[in-house]
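Please look over the sequence and the structure shown here before reading on. The report that follows takes up a few places along the chain, one after another.

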Amino acid sequence: MAQNVLLTGGSGFIGKHLTDVLLEAGFTVSVLSRSAKESSAAITYYKWDLNKNYIDENAVLNADYIIHLAGEGIVEKRWTNKRKRAILESRVKPIDLILSVLEKNNKKLEAFVSASAVGIYGAVTSHKICTENTPPADDFLGTTCQKWESAVDKIGALEIRTVKIRTGIVFGKNEGFLKKLTPSFKSGFGAVLGTGKQYLPWIHIDDLCSIYLKAIEDPELEGPYNACITDNTTNSRFSKTFAKLFDYTIWLPKIPPFFLKIVLGEMSEAVLTGQRVSSEKIQKTGFEFQFTDLEKTLINCLK
């Protein structure tokens, strides 16, 4: 009988791609949804409501693995105190809700795999290369990721294997990060943000889904893993490469930091800063990235 993988955030950009990968690998997939959806032969939907602390316990009880992807977008809205709270709670509350079901029913999972982010290393720009042993930063992104991962550790305390995927910027075909930028770049109005020296750790959606699949299938994987290419891409290099694909050289001046701070507020930290991040740990497990060249990856995403 095929093993079942339960997804939170299954209807999002990453979740939809990962569902296809899991089904192709022979797993059955369940998805937690805020609205009642009709299940199909391939996907079973279960209802949950974080605001009411409600979850259909059968979703957890029927799962062999759980992958936690749910979370409010980091750069969707201005970082008011209310928004910051929503960003944190949307990541931590689902884990606490799942934990309560596991404890109540003495349910054991094969593994619990959670998204995390390279934002744990902080909203700063430096030449230092961050590894999984680099201490978390004490800014908003750093503390959010730390609390996110600490919630996962509660699952680990039940003697369940846990894996944390610290993700960089995800490139996909007309989705996610690139979907937001393509209209302006395609129109010839692409620009470098701030100094352009901030690093932009990136990963192709196919490679990211392959890492999640490996996290399930390889019992040796445990703890945090950086999921991004170590090629030291900066915002300037990315912007110039992306503009090149639309047959022009960036002509607009760099968008100054003070302007972005006025428009975005504290959230500007997420686009004006970026660290170098090492992928050595995941590669040492035998994982091989399929997309390692920035220009070729962007071409693939524009097809």
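## Asp247, after helix 7

Asp247 lies in the loop that runs between helix 7 and helix 8, the latter covering residues 257-264; as everything described here, this position is taken from a predicted model. With a relative accessible area of 72%, Asp247 is exposed, because the cut-off for that word is over 50%. Its phi angle is near 65 degrees, a positive value in a residue that is not glycine. Most residues other than glycine have a negative phi.

## Asn53, another positive phi

A positive phi is also found at Asn53, where the angle is near 55 degrees and the residue is again one other than glycine. Asn53 sits in the loop between strand 3, residues 43-49, and strand 4, residues 54-55. Asn53 is exposed, its relative accessible area being 55%.

## Thr233 and its surroundings

Is Thr233, in the loop that leads from strand 11 to helix 7, buried or exposed? Thr233 has a relative accessible area of 1% and is therefore buried, since that word applies under 20%. Strand 11 spans residues 223-227 and helix 7 spans residues 235-244, with Thr233 in the loop between them.

The side chain of Thr233 takes part in a polar contact of 3.0 Å with the side chain of Arg237, and in another, at 3.3 Å, with the side chain of Trp202. When residues up to four places away in sequence are not counted, Thr233 touches Gln198, Tyr199, Leu200, Trp202, Phe238 and Leu294.

## Phe189 and a separation across the chain

Phe189 belongs to the loop between helix 5, residues 176-186, and strand 10, residues 202-204. With 49% relative accessibility, Phe189 counts as partly exposed, because the value falls between the limits of 20% and 50%. Its contacts, leaving aside neighbours within four places in sequence, are with Ser184, Tyr248, Trp251 and Leu252.

How many Å separate the C-alpha atoms of Phe189 and Asp49? These two residues are 140 residues apart along the chain, and their C-alpha atoms are separated by 41 Å.

## The annotated domain

For residues 255-298, UniProt lists "domain: DUF1731", in an entry that is unreviewed. In the predicted model, the chain over residues 255-298 is 48% helix and 5% strand, while the C-alpha atoms at the two ends of this stretch are 22 Å apart.

Methods. Residues numbered from 1 in each chain as written. Predicted model: local features only at pLDDT ≥ 70, side-chain atom pairs only at ≥ 80, totals over all residues. Heavy atoms only, no water. UniProt positions renumbered as here; feature names shortened; annotations may be inferred. Helix = DSSP H or I, 4+ residues; strand = E, 2+ residues; numbered from the N terminus. Buried < 20%, exposed > 50% of the residue type's maximum accessible area, 1.4 Å probe, protein only. Polar contact = N/O pair within 3.5 Å; in protein donor to acceptor, adjacent residues only side chain to side chain. Contact = heavy atoms within 4.5 Å.
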